[in-house]
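Here are a few notes on the charged side chains, jotted down as I went through the model. Have a look with the structure open.

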Amino acid sequence: MLINWRGKWLSRHDQGMDAEISWEAEYRRGRYQGEPPVPFTDDILRAARSYGLTQGLYVGCGNGRNFLPLSRNGLTLTGLDISGTALAQLAASAPEFAGRLVHGDFSALAKDNTYDLVIGIQVFQHGDRATTGSVIAEAQRRLRPGGLFCLRVNAVSTDVWPAHEITEQAPDGGFTVRYLAGSKAGLIIHYFSAAELDALFSPPRFEPVLPPRIDQTWRQPLGAPGQWSQWEAIWRLSPPDPPL
Ligand SMILES: C[S@@+](CC[C@H](N)C(=O)[O-])C[C@H]1O[C@@H](n2cnc3c(N)ncnc32)[C@H](O)[C@@H]1O
């Protein structure tokens, strides 16, 4: 058994390795240091500008490879992350944003805080289907009507690597794995299908601003086999009905 930052008991077998412990170790090893932002940040900035939105929440902001260019190009973001090490690294490299960082998950935010932009880049895939679905539902609850939900998550077309076991497979194609080796060993990670995203972000509540598309990264230059696919999408939460 281990205990996570909320003091909640987790069974390594039942829940998978605690994400906070895993990410703390990754950031101490230098994860993302010197890495460029993902090009999806340009889509986020373009969409935010076209709707005149600047204020938002970045869930799982990490040590800032995307948070910083988004913040330096017009967005005022709260950065939320369960890794204190990531946030300390971000604050050290950009002290001007230290006051906007919150350590924890959604429970660390005031219950009624809502935002014009909710951004999740490679974060809403932590856990099994039920867990990721409920975290996405909570993120949707944090979005104001007329706001933009910006999502980059694992896609089922990924060649999953390294060693892992499939723990869950849904009829719509979505599946979950538990990694058995590598930096994610012990973590439970979900892979989303197109149908699953369509159901989570369905009209009329959500309208696509950037319909889901695949961004594929070949691992070969890094000495590993196959490719890693991510969905990237932006949806707008329906604005309130105009007064009669
Ligand atoms: C794959 S990293 C991506 C970091 C950042 N979005 C980027 O692209 O550089 C996932 C991040 O999400 C954080 N994380 C995982 N689960 C979280 C949760 N429930 N709430 C907040 N942050 C979380 C991890 O600590 C980690 O920093």
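1. Start with the network: Asp43, Arg46, Arg152, Arg213, Asp215 and Glu232 are joined by salt bridges (a salt bridge being a Lys or Arg side-chain nitrogen within 4 Å of a carboxyl oxygen of Asp or Glu). By that rule the count comes to 16 salt bridges.

2. A word on the basis. This is a predicted model, with local features needing pLDDT of at least 70 and side-chain atom pairs counting only at pLDDT 80 or more, while totals for chains, interfaces and linings use all residues. Numbering runs from 1 along each chain as its sequence is written, and side-chain values use heavy atoms, leaving out hydrogens and water.

3. Aspartate 172 pairs with arginine 129, with the closest N and O atoms 2.7 Å apart. Aspartate 172 sits in the loop between β8 (164–169) and β9 (175–179) and arginine 129 in helix α6 (residues 129–141), so this bridge ties together parts 43 residues apart in sequence (helices are DSSP H or I runs of at least four residues, strands E runs of at least two, numbered from the N terminus). Aspartate 172 is partly exposed at 27% relative accessibility, and arginine 129 is too, at 29% (buried is under 20%, exposed over 50%, partly exposed in between, with a 1.4 Å probe and protein chains only).

4. Also in helix α6, arginine 141 and glutamate 138 are 3 residues apart, about one helical turn. Their salt bridge has its closest N and O atoms 3.1 Å apart.

5. Arginine 72 and glutamate 96 form a salt bridge at 3.4 Å, N to O. Arginine 72 is in helix α4 (residues 67–72) and glutamate 96 in the loop between α5 (84–93) and β5 (101–103), 24 residues apart.
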